[in-house]
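Biologist: Please take one packing contact in this model, describe it closely, and then place it within the rest of the fold. I would like each term to come with its cut-offs.

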Amino acid sequence: MTDAADPAAWPAVDLAQLARDVEAAVVYDVAQVSPLQAADKLSLRLDGPVWLKREDAQPVHSFKLRGAYNRIARLSPAQREAGVVAASAGNHAQGVALAGETLGIRTTIVMPETTPTIKVDAVRALGAEVVLVGDAYDDALAHAMTLVQQRGQTFIHPYDDPWIMAGQGTVARELLDQHPDPIARVYIPVGGGGLIGGMAAYLKQRRPDIEIIAVEPVDSACLHHALAAQQRVVLDQVGLFADGVAVRQIGAYPFAVARQCVDRTVQVSIDEICAAMRAVFEETRSVPEPAGALALAGLERDVVARGAASEAMVAVVSGANINFDRLRYVAERTALGAHREALLAVTLAEQPGSFLAFCAHIGKRAVTEFNYRYADTHRAQVFVGVAIRDGDRERDALCAEFRAAGYALADLSDNEVAKEHLRHLVGGRADALADERLFRFEFPERPGALMRFLQQLGGQWNISLFHYRNHGAAFGRVLVGFQVPDNEFDAFIERLGTIGYRFWDESENPAYRLFLR
């Protein structure tokens, strides 16, 4: 394998050579053979044998130390003397730091200033020099490349490097040793592609009968779009919930492997990832990070769509470095992701006994949430959460029962505004605001984000509603109502575009029309 500084200059991938490099990879000075654990509860529920490859059990709770060590161990004496530098706010940082500490190599990790203290402290505890620069990864990466030029250090890429991929591929080597019986499918999470590149190449060389399924968040599916376009593409934006795989472009070398070895891709939602995190916890009593549960979320979605395989289905649990504060958000979304809760907007007659009659139709199902606000003398809008056990089929049957009983009903279970905001805002109306417009935003969760928003927006348009929630994630969810006359709407949208925050016009959202307008 060659080692070029420019990934675009790498030659066409030699799968046989990459598989040999996986066999020769040096990882076990720092890595452990991670457990392959039978997921008995999931196997019963999905009616097929499910196994979890537990990379969350590594010393730094992620597979990333494999590739980092394999890459750094192959430096020349001169390169070792100069040291290495990496840019990362996550698992790659800890993997590089541990490799440097083990090999006695000077290690510098450049991280954004917004990196949580727990991650900074973890990297420092491994003996690395931490340099905090900028607000985002791109700022850290730019500074890391400056250090490479100034100090003559070697940059350790998180995924777009053949030796990194070979190190990550040892996960597949272990898997085949641990499970010599037939394996039908292996589900692998994808960010930049280092893990799937190494694993897929090895599996297809050693066991070409195994189906390789790449799993990505629906809002960060850089491999899926690249395969569709038959070339690497750069996503305009990526979702930040599964931050470990929030990559805008698949790596050049991993993509060369994926084109030949990945059988198909599966995209999953935030709610499905949250449900998979709960499923891993119920099986293992450990809590994966969102990216760590991504493969299992894909497995569950795939089984629902295609049915279970009779032979082993394996999901790689890739990491467990999650901020504790984030668990509030995960717990809230889990029931919806597992299709265990229905969120409904129902119109009731405003008369004595109507609420009791409504509850009678719910029957013995548990009510998870109920919000009500007087609308007028004739009708009342209620926002209700109902626990369900049989997924979408039971939800559809419940809605049909209500409609058959004469209730006007809207199913809001997949409505993002309802799930994020409306369940906390039901009750406020502003009927007199004829020119109100509702927008949903994602603010970067860093000091000054709100002030920047308000300053760039200016004082031209009155804010009539503002709701903000944060769960320790990389971004905050904000719902804002503005008074914008029709003749100023184009100028308003243009102004929002200059701010740089993701936004969605929710003015016609049925949840908004039912409860807030």
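Modeller: The contact I would choose is the one in which L223, A226 and L227 of helix α11 meet F255, A258 and R259 of helix α12, where contact means heavy atoms within 4.5 Å. By class, the residues of this contact comprise five nonpolar, no polar and one charged; here Ala, Val, Leu, Ile, Met, Phe, Trp, Tyr, Cys and Pro count as nonpolar, Asp, Glu, Lys and Arg as charged, and the others, Gly among them, as polar. This is a predicted model, in which local features need pLDDT of at least 70 and side-chain atom pairs count only at pLDDT 80 or more, while totals for chains, interfaces and linings use all residues. Residues are numbered from 1 along each chain as its sequence is written, and side-chain values use heavy atoms, with hydrogens and water left out.

As for geometry, α11 (residues 222-229) and α12 (residues 252-261) pack at an angle of about 65°, and their axes are 11 Å apart; the axes are lines fitted to C-alpha atoms, for helices over the stretch in contact, and angles run from 0 to 180 degrees between N-to-C directions. That angle makes α11 roughly perpendicular to α12, a class that covers 65 to 115 degrees, whereas under 35 is roughly parallel, over 145 roughly antiparallel and the rest oblique. The crossing of α11 past α12 is right-handed, that is, the near helix is turned clockwise from the far one by less than a right angle. Helices (H or I, at least four residues) and strands (E, at least two) are DSSP runs, numbered from the N terminus.

The loop between α11 and α12 holds Q230, which has a positive phi of about 60° although it is not a glycine. Q230 is exposed, with a relative accessible area of 59%; exposed means over 50%, buried under 20% and partly exposed in between, with a 1.4 Å probe and protein chains only. A similar description applies to D47, another non-glycine residue whose phi is positive, near 60°. D47 lies in the loop between α2 (40-46) and β2, and at 68% relative accessibility it counts as exposed.

Strand β2 (residues 50-54) itself is mostly covered, with four of its five residues buried. On β2, strand β1 (residues 36-38) pairs in the antiparallel sense over three bridges, with A38 opposite W51, and strand β10 (residues 312-317) pairs in the parallel sense over five bridges, with L52 opposite A315. Two strands pair if DSSP finds at least two bridges between them.

Elsewhere, four strands form an open sheet in the order β5-β4-β3-β6, with parallel pairing. Its edges are β5 (129-132) and β6 (154-155), each with a single partner strand, so one side of each has no neighbour in the sheet. Strand β4 (residues 107-111) and β5 pair in the parallel sense over four bridges, and T108 has E129 as its bridge partner in β5. Helix α5 (residues 91-103) packs on the sheet, touching β3 (84-87) and β4, and its direction makes about 165° with that of β4.

Finally, nine of the nine residues of helix α3 (residues 64-72) are buried, so α3 is largely enclosed by the rest of the structure. Among these buried residues are K64, R66 and R71, and the cover over α3 includes α4 (77-82), β3, α5, β6, α8 (162-168) and α9 (170-178).
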